[in-house]
Amino acid sequence: MDFTKEMLNEILIKLFNVVLFSEEEFFKRKMEEKVTLKSVHVLEAIKRVELEEKNASMSKIASALGVTAGTLTVVLKKLEKKGYVTRKQSKEDKRKYYINLTKKAEKVINVHKEYHENMVDMITRNLSKREEESLVDLLSKIKYFFS
């Protein structure tokens, strides 16, 4: 690997780690109860599905997250036990369950949104409009690799 690619690799690794660490620290300061980022992302996926459809089914949520229904079930049981979601069996199809967020989950989602708004504000604070556009363009190309 040439020097530029080595530097890019090092920057991406450090950036990924520092974002995860700062996000976890933000949650520790803002939330009384420990919440994992994995749980936060599941709650946000439920919210997205709820916005698209009246009822958020397990299969739709699993699809939105790119996981199996079995994997989602394990996470949802923990979230339900902690009071972040409720599960309701379908009256029409007893095999089907709908997931609803609680007020406690909405608070978590709002804290996560606040973190990301702060992060973006801090990153763009000293950038010109052109630099912001260039950054978005470059990061979009990087994101494409992971999609």
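Biologist: What makes you describe helix α6 as hardly covered?

Modeller: In this predicted model, the count of buried residues among the 18 residues of α6 is 0, where a residue is called buried when its relative accessible area is under 20%.

Biologist: How do you know that the span of α6 agrees with what is expected of a helix?

Modeller: The expected span is 1.5 Å times one less than the number of residues, so the 18 residues of α6 should cover 26 Å, and since the end C-alpha atoms are indeed 26 Å apart, the two values agree.

Biologist: How does helix α1 fare when its reach is set against the expected span?

Modeller: Helix α1 takes in residues 3-30, 28 residues in total, and its reach from the first C-alpha to the last is 40 Å, close to the expected 40 Å. At its N-terminal end, Asp2 acts as a cap, with a side-chain oxygen 3.3 Å from the backbone nitrogen of Thr4. Glu23, Phe26 and Phe27 are buried in this helix, and the buried residues of α1 pack against α2 (37-52) and α5 (103-124).

Biologist: Why is His112 called buried?

Modeller: The relative accessibility of His112 is 3%, and the term applies under 20%, so His112 counts as buried. This histidine is found in helix α5, and beyond its sequence neighbours up to four places away it touches Glu23, Phe27, Val40, His41 and Glu44.

Biologist: What makes Val40 a buried residue as well?

Modeller: Val40 has a relative accessible area of 0%, which is under the 20% limit, and therefore Val40 is buried. Val40 lies in helix α2, and, with neighbours within four places left aside, it is in contact with Phe27, Val35, Val108 and His112. The C-alpha atoms of Val40 and Ala105 are separated by 8.4 Å, although these residues stand 65 residues apart along the chain.

Biologist: Why is Thr102 counted as buried, and which backbone oxygen does its side chain reach?

Modeller: At 18% relative accessibility Thr102 is under the 20% cut-off, so Thr102 counts as buried. Its place is in the loop between β3 (97-101) and α5, and its side chain reaches the backbone oxygen of Gly83 at 2.7 Å, which is within the 3.5 Å that a polar contact allows. Apart from residues up to four places away in sequence, Thr102 touches Gly83, Tyr84, Val85 and Thr86.

Biologist: Why is Glu114 called partly exposed?

Modeller: Glu114 has a relative accessible area of 29%, and partly exposed is the term for values between the 20% limit for buried and the 50% limit for exposed, so the term fits Glu114. This glutamate has its place in helix α5, and, once neighbours within four places are set aside, it is in contact with Phe26 and Lys30.

Biologist: How do you know that Arg87 makes a polar contact with Glu80?

Modeller: The side chains of Arg87 and Glu80 meet at 3.0 Å, and a pair of N or O atoms qualifies within 3.5 Å if one can donate a hydrogen and the other accept it. Arg87 is found in strand β2 (residues 85-89), whereas Glu80 lies in helix α4 (residues 69-81). Leaving out residues up to four places away, Arg87 touches Lys77, Glu80, Tyr97, Tyr98 and Ile99, while Glu80 touches Val85, Thr86 and Arg87.

Biologist: Are Glu80 and Arg87 buried, partly exposed or exposed, and why?

Modeller: Glu80 stands at 29% relative accessibility and so counts as partly exposed. Arg87, at 30%, therefore counts as partly exposed too.

Biologist: Which helix gives the most to the lining of the largest pocket, and how do the lining residues divide by type?

Modeller: α1 gives the most, with 12 residues, and α1, α2, α5 and α6 (129-146) each supply at least two. The lining divides into 21 nonpolar, 7 polar and 4 charged residues. There are 32 lining residues, of which Leu15, Val19, Met119, Ile123 and Leu139 lie nearest the centre of the pocket, and the volume of this pocket is about 1,400 Å³.

Terms used
Residues are numbered from 1 along each chain as its sequence is written. This is a predicted model: local features need pLDDT of at least 70, side-chain atom pairs count only at pLDDT 80 or more; totals for chains, interfaces and linings use all residues. Side-chain values use heavy atoms; hydrogens and water are left out. Helices (H or I, at least four residues) and strands (E, at least two) are DSSP runs, numbered from the N terminus. Buried means under 20% relative accessible area, exposed over 50%, partly exposed in between (1.4 Å probe, protein chains only). Contact means heavy atoms within 4.5 Å. On a 1 Å grid over the protein atoms alone, a cavity is a set of points where a 1.4 Å probe fits but cannot get out, and a pocket is an open set with protein on both sides within 12 Å along at least five of seven lines; lining residues have an atom within 4 Å of a point. Grid points are joined across faces, edges and corners, and a volume is the space filled by probe spheres set on the points. Ala, Val, Leu, Ile, Met, Phe, Trp, Tyr, Cys and Pro count as nonpolar, Asp, Glu, Lys and Arg as charged, and the others, Gly among them, as polar.
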